[in-house]
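Welcome! Here are some short exercises to work through with the sequence and the structure side by side. Try each task yourself before reading its solution.

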Amino acid sequence: MSNKLNYQDLVKHVEGYVSITDGVANIDNKQIQEACFLELGTTVADVKKAYDNTAMVENAIAHVFSDKAQDYMADNKDVESIAAKTKIGEETLHLTSRRDFETRNPSTGATTNHKGALIVRRVVNNRGSEITDIKTLAKERG
């Protein structure tokens, strides 16, 4: 259980759980996760808890940002939107509070205007070693 593992060290745990039959892929992710996370010294439950905790922190930030942005725009009628970006763990949280936001119903084409819209986007960051591994694998596979 070394921290110096890379994806190649986990391939042995994945081999028996990925198959292709009649052109359809099947991946037994439950077995893969259990074996790989055990090798990495963690559990599926720990990983899920980390994601849940990250989401809770991000939701708290979004809540406060939205309140403050709405208050600011109420006092400053010329401001149409306020945007912010911050990092939480391995994610980047992008927030935009807009005075007006228009959506379109794809079935009817009708548009609806919403007041005080909050747009939240969570992006999982790729770390340098992950990107390097992916690029190396892509070169090897052509």
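**Exercise 1. A hairpin turn**

Task: Find how many residues lie between β3 and β4 in their hairpin, and look at the phi of Gly89 in the turn.

Solution: Keep in mind that this is a predicted model. Start at the turn: 2 residues lie between β3 and β4 in this hairpin. One residue in the turn, Gly89, has a positive phi of about 60 degrees. Next, follow the two strands away from the turn: β3 and β4 run antiparallel and are joined by 8 bridges. As a landmark, look for Ser81, which stands opposite Arg98 in β4.

**Exercise 2. From hairpin to sheet**

Task: Work out in which order the 3 strands of the open sheet are arranged, and which are the edge strands.

Solution: First, place the strands: the order is β3-β4-β5, and the pairing is antiparallel. Then look for strands that pair on one side only; these edge strands are β3 (81-88) and β5 (111-124). From one strand to the next, the twist averages 20 degrees.

Now turn to β4 (residues 91-104), which pairs with β5 over 13 bridges in the antiparallel sense. Here Glu91 is found opposite Val124 of β5. Finally, add the helix that packs on this sheet: α3 (residues 44-75) touches β3, β4 and β5. The direction of α3 makes about 45 degrees with that of β4. While you look at the strands, remember a general point: side chains in a regular strand alternate between the two faces of the sheet.

**Exercise 3. The other hairpin**

Task: Find which residue takes a positive phi in the hairpin of β1 and β2.

Solution: Begin with the strands themselves: β1 (residues 18-21) and β2 (residues 24-27) run antiparallel, with 4 bridges joining them. Within this pair, Ile20 faces Ala25, its opposite residue in β2. Then move to the 2 residues between the strands: the positive phi, near 50 degrees, belongs to Asp22.

**Exercise 4. Two helices in contact**

Task: Describe how α1 and α2 pack, and name the residues that make the contact.

Solution: Step one is the geometry. Helix α1 (residues 7-14) packs with helix α2 (residues 29-40) at an angle of about 140 degrees, and their axes are 9 Å apart. Angles over 145 degrees would count as roughly antiparallel; α1 and α2 are therefore oblique to each other. Their crossing is right-handed.

Step two is the contact. From α1 come Leu10, Lys12, His13 and Val14, while α2 brings Ile32, Ala35, Cys36, Glu39 and Leu40. Sorted by kind, the residues of this contact are 6 nonpolar, 1 polar and 2 charged.

**Exercise 5. A residue in a loop**

Task: Decide whether Thr42 is buried, partly exposed or exposed.

Solution: Locate Thr42 in the loop between α2 and α3. Its relative accessible area is 24%. Buried would need a value under 20%, and exposed one over 50%, so Thr42 is partly exposed. Setting aside neighbours within four places in sequence, Thr42 is in contact with Phe37 and Val47.

**Exercise 6. Stepping back**

Task: Find how many helices and strands the protein has, and what pattern they follow along the sequence.

Solution: Count the elements: there are 4 helices and 5 strands. Reading along the sequence then gives α-β-β-α-α-β-β-β-α. For the protein as a whole, 16% of the 142 residues count as buried. Among contacts with a separation of 6 or more, 44% come from residues 24 or more positions apart.

Methods:
Residues numbered from 1 in each chain as written. Predicted model: local features only at pLDDT ≥ 70, side-chain atom pairs only at ≥ 80, totals over all residues. Heavy atoms only, no water. Axes fitted to C-alpha atoms, helices over the stretch in contact; angles between N-to-C directions. Parallel < 35°, antiparallel > 145°, perpendicular 65-115°, else oblique. Left-handed = near helix turned anticlockwise from the far one by under 90°. Contact = heavy atoms within 4.5 Å. Nonpolar A, V, L, I, M, F, W, Y, C, P; charged D, E, K, R; others polar. Pairing = 2+ DSSP bridges. Buried < 20%, exposed > 50% of the residue type's maximum accessible area, 1.4 Å probe, protein only.
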